[in-house]
Each structure stands twice: as C-alpha cells, then as structure tokens.
Amino acid sequence: MALALVTAGGTASAAQGAVNAELGQRVGNATLGAVVNNLGGTLLILVGLLVLPSMRSGLGALRRARLPWWSYLGGAGGAAIVVLAAYAVPVLGVAVFTIAQVAGGSLGGLASDRAGLAPVGRLPLTAPRVAGALLGVAAVALAQAGRPVGDLAVGVLLLAVAGGVGVALQAALNGRISAAGSAAAGVAVNFAVSTPLVLLVAALAGAFSGPPVSWPAGWHLYTGGLLGVGIVASLVVGVRAAGVLRTGLALVGGQLAGALLLDVLLPHAPTARLPVLVGALLTLLAVLVAGRSPRSPATADVGVAPGGPPAPDGKLVR
C-alpha cells in the first residue's frame, strides 16, 4: 500500500513538472515556476500547523529527539535537483538528464539503505537489489528512446547524477525526521529547508529583477505546491515502509505512468509512445525484483527502535 501511494505520488510529480514548466514559460523565467511551487507548498504547511495536531506534536517531538543537525537537510536535495535541472537539461537534453538522475537515485538509494539512513534500518546490498536498480535505469533509458539528446558533457552529466543522489538522500532524511516526529512534521521540515534555498537561487539568477511579471490566468498553473506536498508525503510513507531504493523506483514508475497519461489527455501533447508504457511497467517490475532481498533479524540492522524514533544521538541501534 505504501509503494502504491508512492506510485501515485510519481504520477503527481509528472503533473507538477508539466505545471511548473508551463508557468515558467508563460512568465518568461523557469525559476519562477519553482518559486511558486515552493511558496505554495509552504503556505499549505502553515495552514497545516493551524489545523493538524499531528504536525504540531510531531515538531515538538523533534525538539525532544535531539537528532543530529544533518538529519534536517533533506529539503536541500529537493532544492538541488530543481537548480541542477534548470542548468543541465538545456545541455544534456531531457532524455539523458532523466536517465542520469535515475541512475544517481538508484545509486543513492542503494547507499542510503546500506548505511541505514532511512528509518527502515540497514538493508544489505544483495543481488536482487542491485538487479532492481539496474533494471530501473534500463527501463527509464527505454522510455526515453527517441527523445532529443544534447551534448554529452561529462561534468554536467555528473551533476545530473549527483542530483539523483540528492533526491535519494532527501527521501531518506525526511523519512528519518518523520520517524522521530510524524509524517506531517517530515513534510514541514522539508519545505522549511527547501523554500529558502530555492528563493536564494532564484534571486541569484535574477528572477526578481527586471520588469514586473505578468502572471497568467488559470488556477491549475498554481497547483505545484499542493502536488509537491503530496509527493513529499508519499515519499515519507514509502521510505518508512520499503526503504529508499524501492521507494525511488516506485516514484519513477509513477512518473512514467503520469507522463503517459498526460500525453493521452492533453490536447497539444505528443502522441503516447509505447516505450514509455513498457518503461513504466519495467520500472514497477524493478520494484518487485528489488523487494526480493532476504531480510531477517539476523541479517538486517534496524535503525529505529521498535515503536520509537531513532536514537537521540543519531546512532543506529541493533
């Protein structure tokens, strides 16, 4: 059920990307789409503080948990991928960037699970998990067949891979925060970290200078924040149940399914492509393959005490 929720979050992620891209195109500045996205999500978090007792109690529990400072940096991964995408996509093309990002996410997922950063605890580096990660990357490569390819600049390509690693760390650390507090608190901390970073990058890029922006009509262009809150919440739930790697693969499967759905529904979208459908199905197969890793109390370390948050000093407990 958790992975099904993450897959739905991936579908929302595809819609969010389309909405933010269209808004950025209409206002003439790509970074403004990310700014509206994060500000909208932050506004929803502020409303949540007023109406959700679980968010307030979760944040209070975080103060008592005394987690290490780096546990709160998950939102930086989300901000980083927004910045890197704006720089790397024009150079690499959408296809190569997407493949590199998913490769980085798979690598980061394997490493995060092995290190026990997520609340599910340490997961061993087994053949099925590695095979699932490789199958996920191959599925995305197949889905991107026929898309334009830009310059294969090695430095930019490595940045795209690093962005995927950042997304995996974002999921792991947000899950850690939610285990110590609550899922709502994990979402709140994510936006509290990512929004200032996105605003800083937008300011450095000159998004707030120049002539006044003419904001377009259409309520759907401003739903990125709502979708973002749902996406982060689904990742928090998925990581706590299935670890970083399988959660990341389920998210990618949902993104491909969402892209296929948008191609079918949008009037001016390109014709739905068979490779995207096959890629989505293969990615979900990768989730099942990676889940075949043997786990038992004798072979897996648990990063969270049963029924409780991580140890106050951030160390893993057996």
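**Exercise 1. Work out how helix H1 and helix H2 pack in this predicted model.**

Start with the axes: those of helix H1 (residues 2–27) and helix H2 (residues 30–51) come within 7 Å and cross at roughly 125 degrees. Axes here are lines fitted to C-alpha atoms, for helices over the stretch in contact, with angles from 0 to 180 degrees between N-to-C directions. Helices are DSSP runs (H or I, at least four residues), strands are E runs of at least two, and both are numbered from the N terminus.

Next, name the angle. H1 is therefore oblique to H2, given that under 35 degrees is roughly parallel, over 145 roughly antiparallel, 65 to 115 roughly perpendicular and the rest oblique.

Then the hand: H1 passes H2 in a right-handed crossing, where the near helix is turned clockwise from the far one by less than a right angle.

Finally, list who touches whom (contact means heavy atoms within 4.5 Å). H1 brings Gln16, Asn20, Leu23, Gly24 and Val27, while H2 answers with Ala30, Leu32, Gly33, Val36 and Asn37. Sorted by type, the contact holds 5 nonpolar, 5 polar and no charged residues. In that sorting, Ala, Val, Leu, Ile, Met, Phe, Trp, Tyr, Cys and Pro count as nonpolar, Asp, Glu, Lys and Arg as charged, and the others, Gly among them, as polar.

A housekeeping note: residues are numbered from 1 along each chain as its sequence is written, and side-chain values use heavy atoms, leaving out hydrogens and water. As the model is predicted, local features need pLDDT of at least 70 and side-chain atom pairs count only at pLDDT 80 or more, but totals for chains, interfaces and linings use all residues.

**Exercise 2. Do the same for H2 and helix H3.**

The axes of H2 and H3 (residues 53–65) come within 5 Å and cross at roughly 95 degrees. So this pair is roughly perpendicular.

On the H2 side, the contact uses Ile45, Gly48, Leu49, Leu50 and Val51; on the H3 side, Pro53, Met55, Arg56 and Leu59. That splits into 7 nonpolar, 1 polar and 1 charged.

**Exercise 3. Place Gly243 and Gln170: which helix holds each, and what does each touch?**

Take Gly243 to begin with; you'll find it in helix H9 (residues 224–265). With 0% relative accessibility, Gly243 is buried (buried is under 20% relative accessible area, exposed over 50%, partly exposed in between, using a 1.4 Å probe and protein chains only). Skipping residues up to four places away in sequence, Gly243 touches Asp113, Val120, Leu123 and Gly238. Ala172 sits 71 residues from Gly243 in sequence, yet their C-alpha atoms are 7.8 Å apart.

Now Gln170, which belongs to helix H7 (residues 154–180). Gln170 is buried too, at 10% relative accessible area. With the four-place cutoff again, Gln170 touches Gly74, Gly75, Gly77, Gly78 and Asn190.

**Exercise 4. Find the residues with the most partners in the largest nonpolar core.**

A nonpolar core is a set of buried Ala, Val, Leu, Ile, Met, Phe, Trp, Tyr and Cys residues joined through side-chain atoms within 4.5 Å. The largest one has 15 residues, and Leu245 and Leu249 touch the most other members. H1, H9 and helix H10 (274–290) each give two or more residues, and H9 supplies the largest share, 7 residues.

Beyond its sequence neighbours within four places, Leu249 contacts residues including Ser106, Gly132, Thr283 and Val287. Apart from this core lies another of 11 residues, among them Leu32, Ala34, Ala207 and Leu221.
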